[in-house]
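Work through the exercises below with the sequence and the structure at hand. Try each task before reading its solution.

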Amino acid sequence: MSEQTSIASYFVLGSVNNERQANAIRDDLWEQLQIEEKMRPLNVHDLRQEGGGWLLADYGDVILHLFTEETRVHYDLEGLWNDAHVVLKIL
């Protein structure tokens, strides 16, 4: 991402089946990063705040996006940032 924007070096994009699953992933990730790396997010846009099907956690160089499938298709970040280098893609 650093070639296209200065806001982050990496975006991590993931799909979840529902908001409950996204919140469980978020909770586990935050716990692991705090314990192992002493790292906390700089900012969070949480599914519980607005129920929009999108969780965003800003860790500085890495921004995590978890979407419900409908929301991921609607915002199409892959299309918006299609010039960015893909480091890893898991289907």
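## Exercise 1: a residue in a strand

His65 is part of strand β4. The model is a predicted one.

Task: Decide whether His65 is buried or exposed, and list what His65 is in contact with beyond its neighbours within four places in sequence.

Solution.
- Step 1. The relative accessible area of His65 is 4%. Buried means under 20%, so His65 is buried.
- Step 2. With neighbours within four places in sequence left aside, His65 is in contact with Phe11, Val12, Leu13 and Gly14, with Trp54, Leu55 and Leu56, and with Leu77.
- Step 3. One partner, Trp54, also meets His65 through a polar contact between the two side chains, at 3.1 Å.

## Exercise 2: the chain as a whole

Task: State how many helices and strands the chain has, and give their pattern along the sequence.

Solution.
- Step 1. The chain contains four helices and four strands.
- Step 2. Along the sequence they follow the pattern β-α-β-α-β-β-α-α.
- Step 3. The chain has 91 residues, of which 32% count as buried.
- Step 4. Take the contacts between residues at least 6 apart in sequence: 50% of them join residues at least 24 apart.

## Exercise 3: the largest nonpolar core

Task: Name the residues of the largest nonpolar core and find which element gives the largest share.

Solution.
- Step 1. Nine residues make up the largest nonpolar core: Val16, Ala22, Trp30, Leu33, Leu55, Ala57, Tyr59, Leu64 and Leu66.
- Step 2. Two or more of these residues come from each of α1 (19–37), β3 (54–58) and β4 (62–68).
- Step 3. The largest share is that of α1, with three residues.
- Step 4. Leu64 serves as an example: not counting residues up to four places away in sequence, Leu64 touches Val12, Leu29, Leu55, Leu56 and Ala57.
- Step 5. A general tendency fits here: in soluble globular proteins, nonpolar side chains tend to be buried together.

## Exercise 4: the two sides of a helix

Task: Compare the expected span of α1 with the distance between its end C-alpha atoms, then find where its buried residues lie around the axis.

Solution.
- Step 1. At 1.5 Å a residue, the 19 residues of α1 should span 27 Å. The end C-alpha atoms of α1 are 26 Å apart, which agrees.
- Step 2. The buried residues of α1 are Ala22, Asn23, Arg26, Trp30 and Leu33.
- Step 3. Looking down the axis of α1, these buried residues fall within an arc of 100°, so they line one face of the helix.
- Step 4. The general rule behind this is that an α-helix has 3.6 residues a turn, so residues three or four places apart point the same way.
- Step 5. Arg20, Ile35 and Glu36 are exposed on the other side of α1.
- Step 6. At the N-terminal end, Asn18 caps α1, with a side-chain oxygen 3.1 Å from the backbone nitrogen of Arg20.
- Step 7. After α1 comes Lys38, which has a positive phi near 55°.

## Exercise 5: aromatic pairs

Task: State how many aromatic pairs the whole structure holds, and describe the pair of Phe11 and Trp81 and that of Trp54 and Phe67.

Solution.
- Step 1. Three aromatic pairs are found in a search of the whole structure.
- Step 2. The pair of Phe11 and Trp81 is edge-to-face, at 5.7 Å centre to centre and with 80° between the planes.
- Step 3. This pair links distant parts of the chain, since Phe11 is in strand β1 (residues 10–16) and Trp81 is in the segment after α4 (77–80), 70 residues apart.
- Step 4. Trp81 is partly exposed, with a relative accessible area of 22%.
- Step 5. Trp54 and Phe67 form a tilted pair, 4.9 Å centre to centre, with 40° between the planes.
- Step 6. Trp54 lies in strand β3 and Phe67 in strand β4, so this pair ties together parts 13 residues apart in sequence.
- Step 7. Both count as buried: Trp54 has a relative accessibility of 17%, and Phe67 has 1%.
- Step 8. Ring pairs also bring in Tyr75, giving a cluster of Trp54, Phe67 and Tyr75.

## Exercise 6: a residue in the last helix of the pattern

Task: Find which residues Glu78 is in contact with, leaving aside neighbours within four places in sequence.

Solution.
- Step 1. Glu78 is in helix α4 and is partly exposed, with a relative accessible area of 35%.
- Step 2. Its contacts outside that range are Leu13 and Arg72.
- Step 3. The side chains of Glu78 and Arg72 are joined by a polar contact of 2.3 Å.
- Step 4. Glu78 and Phe11 are 67 residues apart in sequence, and their C-alpha atoms are 10.0 Å apart in space.

Key: Residues are numbered from 1 along each chain as its sequence is written. Side-chain values use heavy atoms; hydrogens and water are left out. A nonpolar core is a set of buried Ala, Val, Leu, Ile, Met, Phe, Trp, Tyr and Cys residues joined through side-chain atoms within 4.5 Å. Buried means under 20% relative accessible area, exposed over 50%, partly exposed in between (1.4 Å probe, protein chains only). Contact means heavy atoms within 4.5 Å. A polar contact is a pair of N or O atoms within 3.5 Å; within protein, one must be able to donate a hydrogen and the other to accept it, and residues adjacent in sequence count only if both atoms are side-chain atoms. Rings of Phe, Tyr and Trp (its six-membered ring) pair if their centres lie within 6.5 Å; planes under 30 degrees apart count as stacked, over 60 as edge-to-face and the rest as tilted. The expected span of a helix is 1.5 Å times one less than its number of residues. The arc is that of the directions from the helix axis to the C-beta atoms.
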